[in-house]
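This report introduces a protein structure to a reader who has not met it before. It begins with paired strands, then turns to a helix and to the nonpolar interior.

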Amino acid sequence: MAKAEKYHHLEIEPYWQKKWETDELYRSRIQKDQPKYYALTMLPYPSGDLHIGHWYAITPSDAHARFMKMNGYNVLFPMGFDAFGLPAENAAIKRKIHPHTWTMGNIERMRQQMKSMGAIFDWNREIVSCLPDYYRWTQWFFLKFYEKGIAYKRFAPVDFCPACNTTLAREQVWGEDRHCERCNTPVIKKELSQWFFKITDYAEELLDFSQIDWPERVVSMQQNWIGRSEGAEVNFHTESGQEIKIFTTRPDTLWGVTFMVLAPEHPLVKKITTSECQAEVDQYIAQASRQTEIERLATTKEKTGVFTGAYAINPVNGEKVPIWIADYVMMGYGTGAIMAVPAHDERDFDFAKKFHLAIKIVIAPQEWNGQEQLNEAYTGVEEGRLVNSGQFNGTPATEAKSVVTSWLAEQNLGKKTINYRLRDWLISRQRYWGAPIPIIYCKKCGPVPVPEKDLPVLLPEDAEFLPTGESPLKYHDSFLNTTCPKCGGPAERETDTMDTFMCSSWYPYGYLSPYYKGNVPFDPEEGKYWLPIDLYTGGIEHACMHLIYIRFFTKAMRDLGLVDFDEPVRKLRNQGIILGEDSEKMSKSRGNVVAPDDLVQRYGADAVRAYLMFGWRWEQGGPWDSKGVEGIYRFLNRIWDLTLETVPDASSFEAEKAVRRKTHQTIAKATKEIEHFSFNTYLASLMELSNVMAKYKGAIYGTPAWDEAVRSILLLLAPACPHITEEIWQRLGQQYSIHNQSWPKSDPELAAAETVEIVLQINGKIREKLVVPIGSSDEELQKLALENELIQKAIAGKTVKKVIAVPDRLVNVVII
């Protein structure tokens, strides 16, 4: 026996990575005679180092892309960097380094770390969102959305630090008392004029998932985020005549309204509050301005509110109801005003009880006597009927919604409508490190879009970053001061930059022809061939932001005539999360962070890749296990020895048949599992095959069955472990490259088993197991069972009532 040279991953992996890059093995080009497959994994933010979570998302996705390539598809699997964002700006302040310098340095490091994965990224298609040639097109999209009326400006609240005189991002507001991370000053809400996109115009379309294969959990999360509700818009008026529009899903309860609640930010509050209530109202508004939406909407939070001193008139019965303000009503949801029916809404019931407000029953069960009081809100609809509701008394609650809604329309008191929880996308950021919004403000002409020929509007390189965090664009004269494109007079640039989600909403199109020089963002020919995306992978935490925005963007692009499809992604799959060995989320403070670079150095990229696929169900994840990666490392060394060590030729018909059967069974199993992202069972099947090969190697080495098994296991392992399989393939004298070979096909006849293990039972209890030929008849199985020595002993002296045979599974002898 000739032993194989030891596997040296530190030599072999860099060698193949360099050769693949030099040979442009993974260069993706249009091949019209080949079916395309656009595979995409979410691009990272260049924070400085790849962590194990990046590897867990990317390398199994890479294995699937390789699998598709070996199945005859022309695969595009690009990579880039989502490079704008607050961390770079914070680095500029804390380390006195320009965000561009910090970001590009991190990108260079992370790019090299990604190359160490051995993935099939086509680096010729890399995009970096902070480069002017990229954000030129981000600005172009803004202009097109502005032209179409999708982009507009209005006032909206932001978190604001009065000491630093700057807006704050969500992560800059700390603690339960919501203070500024820099100076500890209590944070307030401030109204600023900001830019929005009308994503709500697409709300109904965004609820249609019929064209895409996405995880049910993501679909459900997006449905809840969009929050479609059918109901009625009803017009209330104050005593002095001001209109208050409300949306309700329960118009049948209008006769039970005993008070109204406005959001503290509602513009009507200042107009209707009486002088007696003004001080208390002002104090409450200030208090509410310091709370987050999550805090205000928490169901466990004690209800608070104050009376404005004003009253509204209920349009259906003319009753006067008090108007309160409360922080659980949000200006961004519905109309910012609600009618309160405490008898039939739990939240309103609690509020009414606390503030001693009237509770009027208008829906009751059939047996209600008209005198009983409520200890809790009665929300039953199926068995209820309307009471205390004028002409609608006795109407079944199941019919009342539609009946009352029609009546409201006839009386011009309201109308049937659909409401969405989804709000328009606020894209303004009072920051430097983002794509500048291409709008110029002229005193004579008003807001004027920057002409396309003048794009990109560049970020000034000599910006001075203030310790307060204020955007330096506001104080940069050469950036701020410009001329109006319309009249040529003096004007000022918009100093807000765009939300970083703007850049990541169109980046899959940027990969098609990076930094394209035409008059649209990407080469139409590339788009026609590659789009839409066939598979997208990434974390489920992006379900309600990025994954909605990218869908909205594509629909808007369709309406602009840029694409001819409705959805950007045909299939979406989400990975789970890798925890520390202590089963806690990885963090530097806990000391449980796993560094991929160290693992690659010690075990090699292939071992890390394979362990991340084998250790858990990919969509679930779990705690890291350092012993697990060592086990995978041993498995790869076993593959190395198994396929490269030579032994004397031998031949055994039964052994050859057993190995061929296992080979073809494994091809079928591995194909099915990797297709469905079941990477752990895919690799487990290859381990089983390697065990069978090791068992019979001495009996069949040098035979066609052995050669087929070696070739098959290397091809099957290649997507997960590209370096070691390429090296072995080359040493065996096979044609370069293994990654250009076809995926093996399973022969069902060769894969079919000849025998099967069945159980023998007496009265349903297992007594024995037998190996029998597959397909044995009922009569044959019954005969074998009754002739079995253990069964004969067990039934001696008993009466056999019947013998039940289930082919290929069991025989049950029923005795009495």
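Two strands count as paired if DSSP finds at least two bridges between them. The structure shown is a predicted model.

**Strand pairing.** Strand E28 takes part in two pairings, set out below.

| Strands | Sense | Bridges | Opposite residues |
|---|---|---|---|
| E28 (residues 755–762) and E29 (residues 765–773) | antiparallel | 8 bridges | Val759 and Lys769 |
| E28 and E31 (residues 810–815) | parallel | 4 bridges | Ile762 and Val813 |

E28 and E29 form a hairpin with 2 residues between the strands, and in this hairpin Asn763 takes a positive phi near 50°.

**Helix H7.** Helix H7 covers residues 216–226, and Val218, Val219, Gln222 and Ile226 are buried in it. Viewed down the axis of H7, these buried residues fall within an arc of 100°, so they line one face of the helix. The face turned away from the buried side carries Glu216 and Arg217, which are exposed. The buried residues of H7 pack against several elements, including helix H6 (203–206), strand E8 (228–238) and helix H17 (546–559). Just after H7, Gly227 takes a positive phi of about 60°.

**Nonpolar cores.** The largest nonpolar core has 179 residues, and among those with the most contacts inside it are Phe142, Phe197, Phe552 and Trp624. Leaving aside residues up to four places away in sequence, Phe552 touches Phe145, Ile150, Phe197, Lys198, Ile199, Tyr202, Leu206 and Trp425. A second, separate core of 49 residues includes Leu262, Ile325, Ile338 and Val404.

How values were computed. Residues are numbered from 1 along each chain as its sequence is written. This is a predicted model: local features need pLDDT of at least 70, side-chain atom pairs count only at pLDDT 80 or more; totals for chains, interfaces and linings use all residues. Side-chain values use heavy atoms; hydrogens and water are left out. A nonpolar core is a set of buried Ala, Val, Leu, Ile, Met, Phe, Trp, Tyr and Cys residues joined through side-chain atoms within 4.5 Å. Buried means under 20% relative accessible area, exposed over 50%, partly exposed in between (1.4 Å probe, protein chains only). Contact means heavy atoms within 4.5 Å. The arc is that of the directions from the helix axis to the C-beta atoms.
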